[in-house]
Amino acid sequence: MNDDAVPLALSKIKEEFNLRNFKTIDFMAEFQRVQNRAYAASAINAKSTGLQSYIDGARADIYVTVKISKEDFAGGASNVTLLLEAKERETGFSLANASVVSDRFRASKKELTEYALEGISENFFNQLKQAFRDMVTNGREVNVVVNVDENCDFDMENDVVGTQDMTLSDELDEWVLANAFKGNGEVRSGGNGLNVYMRVPVYDPDTGRPRSIKSKPVS
């Protein structure tokens, strides 16, 4: 992370979130924590997946990525483009996007980035607020794909399985109906697989604490 425009962008975006009462986590502190953990894991030959390790271990509901690109023009002027994207940590679903371009100047990448950061509009934060509000109200969407080998004779939509004498497709329909948050879910067939689309709660209704998508369904 030798590019001095990067910490500037991180600091400014964190500031913008804090000004709007979004509780944030310091990226550099968290990144160092994950790096230390990855180093310890390497001592026992455990696998590390870089940024994904950071995301998986982060104590946040949403993470924001920033991509910075610089374009040079004839005459020595340049501009910088910032691409911001906010994603839900558990599923990686995109919640908000923004593209900000600085004016053309004869300036360093850091200076151009600073100019561009002044152009972050309220629209990005409004997108994020609306998407998160919808997620809390209606649940976060997850997609589960059930496949069988293309050479397998089993037919998920016609062969009967289990003790209910139902097809796997019907079994999944019943399960989704019983477990999807507020009944928001469906099963679609496609090729040699079944696609399960359903919503799961963001917070446990009994404790109010955040729920992982790996948690058992709420009864």
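This is a walk through the fold, the strand pairings, the salt bridges and one charged surface patch of the structure above.

Keep in mind as you look around that the model is predicted. The protein has six helices and eight strands, and along the sequence these follow the order α-α-α-β-β-β-α-α-β-β-β-α-β-β. Of the 219 residues in the protein, 28% are buried.

A good place to begin is the run of strands E1, E2 and E3. Strand E1 covers residues 62-72 and strand E2 residues 78-88, and the two pair in the antiparallel sense over 11 bridges. They form a hairpin with five residues between them. In the turn of this hairpin you will find Gly-75, which has a positive phi of about 95 degrees. To see the pairing in detail, pick out Lys-70, whose bridge partner in E2 is Val-80.

From E2, move on to strand E3, which spans residues 94-101. E2 and E3 also run antiparallel, joined by seven bridges. Glu-85 has Asn-97 in E3 as its bridge partner. These two strands make a hairpin as well, again with five residues between the strands, and here Gly-92 takes a positive phi near 80 degrees. As background for viewing these strands, side chains in a regular strand alternate between the two faces of the sheet.

Just along the chain comes helix H4, residues 109-117, where Leu-112 is found. Leu-112 counts as buried because its relative accessibility is 0%, and buried means under 20%. Computed along the sequence, Leu-112 and Val-101 are 11 residues apart, while their C-alpha atoms are 9.2 Å apart in space.

Now to the charged side chains. Side chains of opposite charge can pair when their charged atoms come close. The count of salt bridges here comes to seven. In one of them, the side chains of Glu-122 and Arg-20 meet with an N to O distance of 2.8 Å. Glu-122 lies in helix H5 (residues 122-138), whereas Arg-20 sits in the loop between helix H1 (5-19) and helix H2 (27-42), so this pair ties together parts that are 102 residues apart in sequence. The partners differ in their surroundings: Glu-122 is partly exposed, with a relative accessible area of 36%, but Arg-20 counts as buried at 18%. Both residues belong to a network of salt bridges that also links Lys-12 and Glu-16.

Lys-70, which you met in the first hairpin, has a salt bridge too. The partner of Lys-70 is Asp-72, and their closest N and O atoms are 2.6 Å apart. Asp-72 is exposed, with a relative accessible area of 54%, while Lys-70 is partly exposed at 37%.

A further salt bridge joins Arg-199 and Asp-134, with the closest N and O atoms 3.5 Å apart. This pair links distant parts of the chain, since Arg-199 is in strand E8 (residues 193-200) and Asp-134 is in helix H5, 65 residues away. Asp-134 counts as partly exposed, at 33% relative accessibility.

The tour ends on the surface. Glu-157, Asp-170, Asp-173 and Glu-174 gather there in a patch of negative charge. One of them, Asp-170, has its place in helix H6, residues 168-179. With a relative accessible area of 37%, Asp-170 is partly exposed, and that value fits the patch rule, which takes residues with over 30% relative accessible area and no salt bridge.

Conventions. Residues are numbered from 1 along each chain as its sequence is written. This is a predicted model: local features need pLDDT of at least 70, side-chain atom pairs count only at pLDDT 80 or more; totals for chains, interfaces and linings use all residues. Side-chain values use heavy atoms; hydrogens and water are left out. Patches are made of residues with over 30% relative accessible area and no salt bridge: like charges are joined within 9 Å, nonpolar side chains (Val, Leu, Ile, Met, Phe, Trp, Tyr) within 5 Å. Accessible areas come from the Shrake-Rupley method with a 1.4 Å probe; for residues, only the protein chains shown count as cover. A salt bridge is a side-chain nitrogen of Lys or Arg within 4 Å of a carboxyl oxygen of Asp or Glu. Lys and Arg count as positive and Asp and Glu as negative; His and the chain ends are not counted. The place of a charge is taken as NZ of Lys, CZ of Arg, CG of Asp or CD of Glu. Helices (H or I, at least four residues) and strands (E, at least two) are DSSP runs, numbered from the N terminus. Buried means under 20% relative accessible area, exposed over 50%, partly exposed in between (1.4 Å probe, protein chains only). Two strands pair if DSSP finds at least two bridges between them.
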